[in-house]
Structures are given as C-alpha cells and as structure tokens.
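Work through the exercises below with the structure open. Each task is followed by a solution in steps.

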Amino acid sequence: MSTVVKNQLRVCLLSVKYNIMKEMVNKVTFLTNILFMMLNNAAFIIQWSILFSLREDIGGYSMREVMLLWGLTASSFGLSRILFARVFTLHELIVSGKLDAYLVQPKNVLLSVMTSVTVTSAIGDFLYGIVLLCVFSFSIGRLFLFLLFTVTGALIITAFGLLVGSMSFWFVRTEMFGVHMFNCMISFATYPDGIFRGKARFLLYYIIPVGMAVYHPVHIMVAFDAGTFLWVLGYTFCIWAVAVFVFYRGLRRYSSSNLMEARI
C-alpha cells in the first residue's frame with residue numbers, strides 16, 4: 001500500500017515538474033511573470049505603511065503582524081496554485097465532460113486532475129511570502145512554523161476549492177459562485193481578523209476557512225498555543241477528508257462527453 005502511495009505521489013510531482021519546465025521554455029517570460037507578481041504584491045506595503053503612520057494598530061495588528069499575515073497568505077495561495085491549480089477550474093472539466101481524459105489514466109483520478117496545471121506566476125507569490133517573513137519578523141522557529149502553515153494553508157485552500165468545484169457534479173452553473181468564494185478568501189485573508197465582528201467573523205472562521213488557513217496560524221506564530229496548533233492540523237485533515245469524499249461521491253454522477261481527447 002505504501003509503495004502505491006509513493007508511486008502516485010512521485011508521478012504527481014513529476015507532473016508538476018513537467019508543467020513548470022514547459023513554462024521555462026521561454027525563460028524571459030517565466031522570470032518576468034514571477035518578478036511582476038512579487039512587485040504587484042509589494043505595492044501593498046506602501047498602503048499599509050501609510051495606514052500605520054496614522055494609527056499604531058489596526059484590528060489589534062501591528063505592521064509586523066500584518067506583513068506576517070500578508071506573507072502567509074501569499075505563500076499559501078502561491079503553493080496551492082503551483083501544485084493544485086486545476087482545482088480552481090474543476091467546474092470547467094465537469095460541465096464540459098473533459099474529465100474523460102483523466103479517468104483512463106493509470107493513476108489516482110483526483111491527484112491526476114489537481115496536478116495537471118501549474119500557475120507559474122504563483123511562484124512569485126510563494127517567494128514573496130518568504131521574503132516578507134525574512135524582512136519583517138525572521139527567526140528560526142518562526143520560519144519553521146511559517147513553512148508548516150504555508151503547507152496547511154495551501155491544503156485548506158485547495159480542499160475548499162475542491163469542495164466548491166465538486167458542486168458542479170450536482171449543479172450546472174456554479175462557476176461564478178466558485179470564483180466569488182475564492183475571491184472572498186483572497187480579499188479577507190489580507191486584512192486583520194480583529195476588524196471583523198459578529199456574522200462576518202463567524203463566516204470567516206466557520207464557512208469560508210480563512211481563519212484556519214491564515215488567521216490562527218498567524219496568531220500561533222506571534223504567540224504559540226499548542227491547543228490552537230493541534231486544532232489547525234486536525235482541521236486540515238478533516239476538510240481534506242470531506243473534500244475527497246465529496247469529489248468521489250460526485251464522480252459517480254459524472255456523465256462523459258465522448259470527447260476524443262488524450263493527455264500526454
């Protein structure tokens with residue numbers, strides 16, 4: 001069993017590597033996309049610098065903590081789109097019947113789908129987050145936690161995208177809903193959770209998993225709490241289990257498009 005899992009993971013990593021190598025054929029474009037993504041993110045440092053020149057804290061966050069928030073958000077979303085970008089356009093495959101090409105491959109269907117596309121500009125997001133950590137709040141312990149929470153954050157974001165995308169097995173027009181939900185995650189994850197109250201806070205912690213992907217990890221990196229740490233790890237496992245279950249349950253309802261299409 002362990003050999004099968006290792007082989008599946010090896011094939012998926014090779015798929016991601018191949019996708020990146022395809023983009024690197026034009027090295028100038030490849031590097032430019034990464035650089036401009038980092039510069040685009042860095043522009044918001046000016047915005048926050050101005051805001052913190054007017055107030056000492058915003059939502060209980062200092063400048064250092066906001067940069068930590070931005071860094072973790074950027075790296076988590078970046079890693080998710082580097083490894084599992086297809087999840088965020090899953091509805092297109094389901095509605096158009098293009099899952100056929102993945103069903104005939106001798107590897108895990110879900111892993112095959114998720115790793116079939118890589119967004120290379122997301123490498124800029126991932127690197128930008130690490131740079132922010134190193135500039136604003138570097139320590140060996142925090143770097144370890146940052147990398148760990150980048151992985152858990154990416155897994156939570158991907159699982160949420162998989163859940164939303166899998167709704168297309170039951171409902172035809174869900175693409176706009178998925179886009180809006182993903183945009184909500186991006187938007188809310190870049191603002192301190194202390195500014196949200198009542199229903200908005202409940203939404204971010206229990207409906208849209210921004211709290212588990214970003215807010216709790218940032219709080220842990222600022223002041224470590226073992227209970228919250230285990231809660232984040234447990235939640236990551238649970239949301240993945242639910243997302244995988246929903247995908248395969250929905251796959252039973254999938255109707256082929258009879259397209260003559262192959263993936264190499």
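**Exercise 1. Contacts of M37**

Task: find which residues M37 touches, not counting residues up to four places away in sequence.

Solution. M37 touches S121, G124 and D125 once residues up to four places away in sequence are set aside; contact means heavy atoms within 4.5 Å. M37 itself sits in helix α2 (residues 27-54). Helices here are DSSP runs (H or I, at least four residues), strands likewise (E, at least two), numbered from the N terminus. As a distance check, the C-alpha atoms of M37 and I82 are separated by 13 Å, with their positions 45 residues apart along the chain.

Before going on, note that this is a predicted model, in which local features need pLDDT of at least 70 and side-chain atom pairs count only at pLDDT 80 or more, while totals for chains, interfaces and linings use all residues. Residues are numbered from 1 along each chain as its sequence is written, and side-chain values use heavy atoms, with hydrogens and water left out.

**Exercise 2. Helix α7**

Task: compare the expected span of helix α7 with the distance between its end C-alpha atoms, then list its buried residues.

Solution. Step one: the expected span is 1.5 Å times one less than the number of residues. For the 15 residues of α7 (residues 122-136) this gives 21 Å, and the end C-alpha atoms are 21 Å apart, so the two agree. Step two: buried means under 20% relative accessible area, exposed over 50%, and partly exposed in between (1.4 Å probe, protein chains only). In α7 the buried residues are A122, I123, G124, D125, Y128, G129, L132 and L133. Step three: the cover over these buried residues includes α2, α3 and α8.

**Exercise 3. Helix α8 and two buried residues**

Task: decide how far α8 is enclosed, and find the contacts of T152 and I220.

Solution. Helix α8 (residues 140-166) has 27 residues, which should span 39 Å, and its end C-alpha atoms are 39 Å apart, in agreement. Of these 27 residues 19 are buried, so α8 is largely enclosed by the rest of the structure. T152 belongs to α8 and counts as buried at 5% relative accessibility. Leaving aside neighbours within four places in sequence, T152 is in contact with V232, L233 and T236.

I220 is in helix α11 (residues 210-222) and is buried, at 1% relative accessibility. With neighbours within four places in sequence left aside, its contacts are F149, D225, T228, F229 and V232. The C-alpha atoms of I220 and L145 are 8.5 Å apart, although these residues are 75 residues apart along the chain. V232 appears in the contacts of T152 and in those of I220.

**Exercise 4. Packing of α3 and α9**

Task: at what angle do α3 and α9 pack, and which residues make the contact?

Solution. Helix α3 (residues 63-84) and helix α9 (residues 175-189) have axes 10 Å apart, at an angle of about 155 degrees. Axes are lines fitted to C-alpha atoms, for helices over the stretch in contact, and angles run from 0 to 180 degrees between N-to-C directions. The angle makes α3 roughly antiparallel to α9 (under 35 degrees is roughly parallel, over 145 roughly antiparallel, 65 to 115 roughly perpendicular, the rest oblique). From α3 the contact uses L69, T73 and F77; from α9, F182, M185, I186 and A189. By class there are 6 nonpolar, 1 polar and no charged residues (Ala, Val, Leu, Ile, Met, Phe, Trp, Tyr, Cys and Pro count as nonpolar, Asp, Glu, Lys and Arg as charged, and the others, Gly among them, as polar).

**Exercise 5. Aromatic pairs**

Task: count the aromatic pairs and classify F88 with F182 and F247 with Y248.

Solution. Rings of Phe, Tyr and Trp (its six-membered ring) pair if their centres lie within 6.5 Å; planes under 30 degrees apart are stacked, over 60 edge-to-face, the rest tilted. The count comes to 14 aromatic pairs. For F88 and F182 the centres are 4.7 Å apart and the planes at 40 degrees, so the pair is tilted. F88 lies in the loop between α3 and α4 (90-96) and F182 in α9, so the pair ties together parts 94 residues apart in sequence. For F247 and Y248 the values are 5.2 Å and 85 degrees, so this pair is edge-to-face. F247 is buried at a relative accessible area of 0%, whereas Y248 is partly exposed at 29%. Ring pairs link F169, W170, F247 and Y248 into a cluster.
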